[in-house]
Every structure is written in C-alpha cells, then in structure tokens.
Amino acid sequence: MSTYTAFGLSIHSDMQLPALLRSNNKKIDIQIIRGKVNKKGLDAPEQTRLFSQLAVNELWLHVPNIAWFYVSNGNKIIVEAENGSDEQSIILYILGTCMGAIMHQRNRLVIHGNAIRVGEGCVVFAGQSGNGKSTLAAAFHQRGYSILADDLAVIDEQGKVQPSYPQIKLWHDTAKKLEIEISRLKRIRLQIDKYAYPIKDGFCTIPLPIKAIYILNNHNQDEFLFEPIKGIAKFNPLKNNTYRINHLDGLGLKKQHFKRCSQLANQIQLTRITRPNDSFELNTLVELIEADLTKKELYV
Amino acid sequence: MNQNTHSQANIYWLASYPKSGNTWVRAFIANLLHEEPEPVDINKLHTGAIASSRAWVESALDFDINELSHDEIDLLRPAAYCRLSQQMETPGYHKIHDAYTYLTNSEPLIPAQATKGALYIVRNPLDVAVSFANHNHCSIDKSINKMGLQKYSFSSSTKGLHNQLRQWLLSWSKHVVSWLDAPDLNTLVVRYEDMKQTPLTTFTQIATFLELPNNKNQVTEALEYCEIEKLQMQEAQKTFNEKPAKTEVFFRKGQVGDWQNILSDSQITTLIDDHREVMQRLGYLNVHGELSTTPSYNQET
C-alpha cells in the first residue's frame, strides 16, 4: 500500500504509481484496489455501451486485453487485470479514464487539457488528442513556466485547477522537437513510442484560479489564427472539451455539468487557436500565445 | 456476390485506393441529398466520417485509444464499426482507403455485420500514379514505387499521434483484389473511366446501389453540381479542408488518360509489370496484355 497526492486528494493504492507525488497523509480520499470486478457489468446499469456501463456514481469499464475497472462514489477504483496484461498499461487507464470518472463523480469539472501557471492564476490548453496540448505545455515549461496538469485539468468548485501528476507524456517526435534527450526517459508503455517527461522543478503544487482556456485546432494553411470567443458562445467549446463528456449522462451528472460549464464560462477568457497542421515553428506559436497572455493582462 | 441481410448493417463503404474518384463520389452523394438549388460547399461533404477517423472510432469505444499501438487499435475497429452501425438511424456513406485486410486474430477489419454494401471505385493505375504524385507532393517515380509496395500504409508512424488511424493500403493491385474478392460483402465495382465516359449510366447505377434518389433529373442535377470545373472553381475561392498541406490543389485535372502526356516509357513499363494481372482483370490491359484504347469491364465475368 502506498499513499499519493493528486488533485488535492489523498490516494491510497495497492499498485505503485511512480508518476504521482507521494504523501504521508493518513486521511484517504480515493482507494485503488486490486480485486474482483464483475465481468458482466453493473447490477442496474443506466447505460450500456460497447465496453462500459454507467449508473449514478458507478462506472464499469472493460479495456480488452488490459483490465476490468469498477469506479464508484468518487472514492474507489477496483481493478482486475486481464491475463498477460502489464501494470504500466493498467496504470494509464487508472490515471486517465478512471480518475476522470472519479473527478466527475466528485462534481469537479474536468477539461481535456494541460494547465500552466501564468501570474497568480493558470491557463489551460484544451483540444482533441494530437492537437498539441502536451507539446505546448512542455514548451512553456522549458521557458520557465510551472506545470499544473497534463491531460486532465481538474477544476474544483472554487474555479481552481488542482495540481495533477508531475509529468508530461510526450511522443517521440515531440520530445525530439523539444530537444529532450529520449534515452533518459521511460516509455509510458512498452508497446508505444511515448515517454514520461518528469517535471521535477517547476511543478506547481498549489491549486490556482483558471483565467483562460485556449482551444487548440489545426488547418492545412500556413497562418496562425487567434479567435476570441465571447459570451454565450463560450459554453459549447467548454462542454465539447470536457474529458469523456459521454460518461456524464450515464453518471447522472449532465445537469450539474451544464451548471459548472456556465460558471466557468463567466470566469474565463476563451480563445480558439488554429495552427498549421504541417510543419510549423513551435517557438512562433509560444511567442504568439505569450503576446496574447500579455494582451489578456494575465501576467500580473 | 452475397447480399447480406444483417438488420444492423447501416454502413455503405466508399472504398478506393487514393486518387481514384472517391471525393467525386462523395460530392455526388452530398449533392444528391442536398435540397438547396446550389452546389454543396466542398468543405461540407458530410456523407459520413472516413473509416480511419480516430475520433469516429474512439466515439464508439469508451476509453482513450491514443496510447494503444496501431495493432491494438485495429483489433478494436470491427467492434467499433458494428457499434457505430447499430447507432445509425439511416445509412451512412463512409470513405475508406484501407485495403480489405484481416487482423492478427484472423477477423476481417471490415465486419460484414456492419456493412450494408461496399462501393469499390477503381481507376487506371497509370492515371493514379500521376495524381498520387501530386497528392503526396512527390516525384512520379516515388509514387509508382509506393503503389508497388506490398505493405504500403498511411499514418503508420509510431513516433507521434495522427488524427487518422493507420491504414494498410498494400500495393495498388492488392488493394483492388482485397476488395473485389472480399467474402460476404455486397459489392459494386465502378471504374473512374466509366464515371467520366458514361456518367449518367454509371452514377445512376451508383445511386441505385446506395439506395439514394436515382431518377434521371436528380442524378443529372447532382452531377452538374459536382463537375470537376465547379469543384476547381470552389477550390480556387477557398482552401479545401481535405487537401494535404503541401499539395497545391486537390481537384487537379480529373482526366482519363492524362498519363499519356506525362509518364515516360519506363514508368509505363514499371506500372504494367507491377500490376499486369489486375489491370487485365479490370480491362485496362487487353487479353494480349496491351493497353486498351477502349477499356471495358464487366464485374460479373
């Protein structure tokens, strides 16, 4: 048994979670337990999907060839490995999909994005996988910015992003682009060419109010576009960039989620960035964002 | 070929090797379904997602697939297509460039249970080679080489994430044969050359196969809206979202036989040597192995 801290919560785990910060906290908020999971699913599912079932406060998930997971009440993840699966793969789903569901169950708003510290607050880079969220976060880290979150930007009821795990996951090509020595990094799974880039210095361990969100997009043209999104138009991008949005209905959380999105829309500045999908200068994009952050007066 | 009777089969696959007329067919379908008296915007050819869309496949699963290998994702694709097909209320028309292949567990990538039909569009490889070079922003020799590779694939990098899943194209010949000989699929094969030379007949046949409006006026009007000149005119006014970044224009010429002006004798010889059997099967070479001047093909033979 080991205890860790993430998202402002104390996590007690049967499995070693090397990506997380250790903690001595006696209080337990979330338990990760190796145990038996019903292979057939939930007793009374509200929604049955291809590999998951959902009910109020319950998620049952089967990732073929990896594991079965049962996530309940915002405080417990039970995992049963499939024969022959490896621990690294299981942990990725615990720290991703399962922890996302735990946060939903705790009524936190989870944006699919990375968060960095800017001034006394933070900004989030959101967008579909492959749009460059982690690349940007890592590039900002190299420029001396602190990192709060990679992939799951968990926003608490005070509108603050809670620190997640002190690492950024980077694909081989991204690490190379950032001139990071790959031979010093560990693969997140042996099956893929993606690495854990540990954030030793510059991980922000305190929650910070979210000031802005950038939604990342790309197109087959050469220009970078920055389009501010105002008023009620902010709602849909927030909804659409919510982590695993399709789980919320089955978890019985759709109404609360709408409310949380509306609250967040009032709190933040939102900008859509469209960048070239082909080769482009990462530094150019970082500098354009820095200029925009200055314009937004977020460095104070 | 077998008609399949699965009630949950709602997907029509628009299958082809790249640069064989797939986008033209999608523009035709979009215009046929469009009720306004004007051509559909080239950036709104929403006939259905491409089979290799990462987002589409992931939407059917309930977990992230971004940290799975290409082979691991492929094993999930048949179940995803069955699920997506089940959820459709009306048939979807989905482009696919993957060859018809079998996975490591011997299951086909394209499940018959999800497939209402497969329209296979094929084009003379001599013309494909020219167009494919433009599309890939490479020399014609390179394009010919790619078409001959037995295990050619798109989006197969293992070092980064692509919004398209890996697609095994195989060689041009293997691609064609994989679909033409796919068991348990209701398949219609059409040739690009017939789409150009006898458009009304060929597109009526396509519309009928895809259970789309197929009367003469509707087909004629949809065809007018997606004439190559009109698509080119639209592309001149705005960027086509599906154009690769380095390619100058997507809707290039759309001609039959342009290879005669472009390919060298040795390039022609290489293509014929690489694809003789399948070119003969499709009528691009006559029985003596010579280039057909008036190619004909009857898929029943």
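Among contacts in chain A between residues at least 6 apart in sequence, what percentage join residues at least 24 apart? In this predicted model, the share is 62%, where two residues are in contact if their C-beta atoms, placed from the backbone, lie within 7 Å. Local features are restricted to a pLDDT of at least 70 and side-chain atom pairs to a pLDDT of 80 or more, whereas totals for chains, interfaces and linings use all residues. Residues are numbered from 1 along each chain as its sequence is written, with chains lettered from A and ligands numbered from 1 in the order in which they are written.

Chain A contains 6 helices and 20 strands, these being DSSP runs numbered from the N terminus (H or I of at least four residues for helices, E of at least two for strands). The radius of gyration of chain A, 19 Å, is close to the 19 Å that the globule rule gives for 300 residues, so chain A is as compact as a globular protein of that length; the radius is taken over C-alpha atoms, and the rule is 2.2 Å times the number of residues to the power 0.38. Along the principal axes, the C-alpha atoms of chain A fill a box of roughly 50 × 45 × 40 Å.

Within chain A, an open sheet of 3 strands follows the order S15-S17-S16 with antiparallel pairing, two strands being paired if DSSP finds at least two bridges between them. Strands S15 (167-171) and S16 (186-187) of chain A stand at the edges with a single partner strand each, so one side of each is left without a neighbour in the sheet. S15(A) is joined to S17(A) (residues 194-198) by 5 bridges, and Leu170(A) stands opposite Tyr195(A) in S17(A). Helix H2 (residues 133-142) of chain A lies across S15 and S17 of chain A and runs at about 120° to S15(A); here axes are lines fitted to C-alpha atoms, for helices over the stretch in contact, and angles run from 0 to 180 degrees between N-to-C directions.

The sheet described for chain B is an open one of 4 strands, ordered S2-S1-S3-S6 with parallel pairing. Its edges are formed by S2 (92-96) and S6 (187-191) of chain B, each with a single partner strand, so one side of each is left without a neighbour in the sheet. The twist of this sheet averages 20° from one strand to the next. S1 (residues 11-16) of chain B pairs with S2(B) in the parallel sense over 5 bridges, and Leu14(B) stands opposite Lys95(B) in S2(B). Helix H8(B) lies across S3 (115-122) and S6 of chain B, at about 160° to S6(B).

The axes of H8 (residues 199-209) and H9 (residues 216-225) of chain B come within 10 Å and cross at roughly 110°. H8(B) and H9(B) are therefore roughly perpendicular to each other, a term covering angles of 65 to 115 degrees, with angles under 35 counted as roughly parallel, over 145 as roughly antiparallel and the rest as oblique. Their contact is made by Pro199(B), Leu200(B), Phe203(B), Thr204(B) and Ala207(B) of H8(B) with Val219(B), Thr220(B) and Leu223(B) of H9(B). By class, this contact has 6 nonpolar, 2 polar and no charged residues; Ala, Val, Leu, Ile, Met, Phe, Trp, Tyr, Cys and Pro count as nonpolar, Asp, Glu, Lys and Arg as charged, and the others, Gly among them, as polar.
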